[in-house]
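Thanks for coming. I have one model to go through, so please have the viewer open.

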Amino acid sequence: MEEFEIPKQPGSNYLNAEYGLKSWLLTKDHKRIALLYLGAISFFFFIGSLYAMAIRLELLTPQGDLMQSSTYNKTFTQHGIIMVFFFLIPSIPATLGNFLIPMMIGAKDLAFPRINLLSWYIYMIGGVITIYALLAGGVDTGWTFYVPYSTTFSNSYVIATGLGIFINGFSSILTGLNFIVTIHTMRAPGMTWFRMPLFVWAHYATSLIMILGTPVVAITILLVALERLAHIGIFDPAAGGDPVLFQHLFWFYSHPAVYIMVLPAMGVVSELIANFSRKNIFGYKFVAFSSLAIAVLGFLVWGHHLFVASQSVYAGMIFSFLSFTVAIPSAIKVFNWTATLYKGSISYDTPMLYGLGFIGLFTIGGLTGMFLASLATDVHLSDTYFVVAHFHYIMVGGTLLAYLGGLHYWWPKISGRMYPEGWGRFSALIVFVGFNLTFSPQFLLGYMGMPRRYHTYPAELVSWQVLHVLSTAGASILGVGLMIPLVYLAWSLRYGRIAEANPWHLPGLEWQTASPPPTENFLTTPIVTHEAYEFAPPEHKEVVGKFERQQPAET
Amino acid sequence: MSEHIVQPRVYLMIFLALMAGTGLTVVAAFYDFPGPLNAVVALTIAVIKATLVVLYFMHVRYSGRLIWLVIGSAIFWLAIMFALTISDYWTRTWFVPM
């Protein structure tokens with residue numbers, strides 16, 4: 001492993017280069033914009049979590065004793081909208097991606113710093129409009145806005161919420177555009193495509209989905225608004241339209257949106273597994289290309305959301321088959337991560353605990369997705385708690401765990417301070433236990449027939465209540481597990497141990513500059529001469545089957 | 001990359017073509033064509049107009065291969081959306097319950 005000469009701590013870093021509110025609100029520094037996003041998405045995550053708490057409390061008993069059904073409809077809708085559009089989709093790309101992509105490829109900033117700041121303002125405008133809609137009376141259509149309920153029958157704030165999401169989508173598109181141009185044009189000398197960290201590859205794939213998919217959901221929401229306002233007849237059969245067309249258009253984006261959420265998480269996990277095993281990732285190119293494969297195949301599977309929505313059974317067969325193909329690149333990643341662990345020098349620091357948790361939970365989430373991609377079993381499981389459990393294993397067990405892992409891993413670089421490791425490990429275990437206790441009973445509930453989006457269930461089904469009580473208890477534990485990092489990360493900003501430039505002793509470019517970095521990231525442009533995860537000396541290269549590891553370049 | 005200078009005359013001609021297309025769409029709306037042809041006529045005019053905008057107003061005609069790749073990808077993804085959606089509509093009536 002070649003050691004870069006780490007420049008001494010400069011007089012100023014990106015945090016203290018300028019002071020005052022204006023210096024933050026008008027900043028063009030990708031690192032500061034990442035922190036603006038971090039603050040904003042943390043706020044939205046908190047709001048979304050309050051709705052989740054209300055849902056779990058209501059389901060503690062079979063009766064609807066906390067809220068009426070109409071209020072419950074709004075509660076789960078707003079939980080979904082806030083969490084999906086305002087937390088999960090921007091979570092890793094807009095914070096960690098924004099902060100790290102230029103640093104990982106040896107650039108001073110993203111290609112379009114002003115557009116980067118614009119994307120944050122667009123996100124905030126969309127968020128404020130959505131919050132207004134929630135405060136004004138809320139929306140009760142489900143986060144999926146299915147017609148004809150959303151166009152004809154709902155008396156809630158569909159258009160205002162839709163407008164918030166519509167505007168927010170442009171923020172996503174601009175972030176994706178910025179990443180693609182940056183990765184293509186701003187790599188440091190020697191940073192070839194196959195020397196890029198897998199985090200960057202994952203964000204490249206994510207950006208493709210953002211650009212290709214987001215306009216479709218924007219137009220679909222616009223059509224819902226036009227249908228609601230002017231009754232143009234796109235989705236209304238009485239006027240020659242088709243309500244199932246809405247579902248096609250909506251899921252054309254919203255299924256790939258799941259990969260917008262999970263691909264960056266996979267990028268984080270690739271970093272964590274390789275670096276905390278102190279081994280080059282097993283099958284670098286396979287992991288890199290599997291991100292692109294997931295991005296492409298993810299666009300071909302949306303019809304599995306329509307198996308019981310009067311979609312043609314023949315189209316259903318095609319979509320079922322295509323849905324199974326996405327399992328291949330996903331499995332490549334999981335197998336390659338576990339193969340990376342083999343004979344690795346593994347350290348169980350907090351980020352690694354989250355990374356290992358991700359592998360297990362993502363695997364469960366992915367495999368239960370196979371049940372839902374099968375035509376016959378989906379008839380039984382569709383719209384039950386099985387679906388709720390499945391996608392929470394992907395979104396929370398996958399994306400949220402990876403986000404937390406990434407936040408801990410790069411916290412020394414972001415803040416210049418170390419977090420308390422003992423508390424970190426403790427809370428990671430609490431989160432893991434709380435998460436599983438929350439969502440694993442929901443697989444059983446769904447299999448037993450409990451439908452999603454209902455706030456009551458038969459009192460005579462005692463086993464259902466037992467499972468709901470377990471789930472609510474788990475949610476409480478999960479809530480505690482999430483509060484602990486909030487407290488100690490905030491604590492560490494002032495009292496944490498000062499972080500070294502490279503506290504984990506890793507070869508990645510982002511660790512070859514000060515913590516926190518200077519505004520321009522690197523005092524001199526780095527020249528890259530080795531692979532992304534170059535730990536082993538040349539005499540210890542692995543040969544696996546026919547594959548031989550590339551020899552490092554002479555330096 | 002040097003910027004291609006487009007003559008104002010070209011912009012004017014494209015503008016006039018787009019206006020003519022709009023006029024044609026309005027005229028076509030007064031005729032009831034047989035079968036699905038109403039939509040076909042309107043969409044054909046719209047696609048031609050969009051192509052002119054992309055090629056000339058967005059300068060794609062004068063751009064490099066990377067830009068063509070981007071445009072091609074967008075059209076390909078649109079084709080995926082249409083093809084798989086239509087796979088539902090075309091085959092919905094094939095299945096006859098026993």
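Let me start with a single residue: does I173(A) count as buried, exposed or partly exposed? I173(A) counts as partly exposed, because 19 C-beta neighbours lie inside 10 Å. The cut-offs are these: buried is 20 or more other C-beta atoms within 10 Å of the residue's own, exposed is 12 or fewer, partly exposed is in between, and the C-beta atoms are placed from the backbone.

Before going further, the ground rules. This is a predicted model, in which local features need pLDDT of at least 70, side-chain atom pairs count only at pLDDT 80 or more, and totals for chains, interfaces and linings use all residues. Residues are numbered from 1 along each chain as its sequence is written, while chains are lettered from A and ligands numbered from 1 in the order in which they are written.

Back to I173(A), which sits in helix α6, residues 158-185 of chain A. Helices here are DSSP runs of H or I with at least four residues, strands are runs of E with at least two, and both are numbered from the N terminus. Leaving out residues up to four places away in sequence, I173(A) touches M210(A), I211(A) and T214(A); contact means C-beta atoms, placed from the backbone, within 7 Å. For M210(A), 37 residues from I173(A) along the chain, the C-alpha separation from I173(A) is 5.5 Å.

Now chain A as a whole. It has 15 helices and two strands. Its radius of gyration is 23 Å, close to the 24 Å that the globule rule gives for 555 residues, so chain A is as compact as a globular protein of that length. That radius is taken over C-alpha atoms, and the rule is 2.2 Å times the number of residues to the power 0.38. Of the 555 residues, 55% count as buried. Of the chain A contacts between residues at least 6 apart in sequence, 84% join residues at least 24 apart.

Next, the interface. Here 13 residues of chain A are in contact with 12 residues of chain B. On the chain A side, the elements giving two or more residues are α7 (198-230), α8 (243-277) and α10 (313-341). α10(A) gives the most, with four residues.

Last, confidence. The predictor gives the complex an ipTM of 0.87 and a pTM of 0.92. For chain B the mean pLDDT, the predictor's confidence in each residue from 0 to 100, is 91, and 95% of its residues reach 70 or more.

Conventions:
Contact = placed C-beta atoms within 7 Å.
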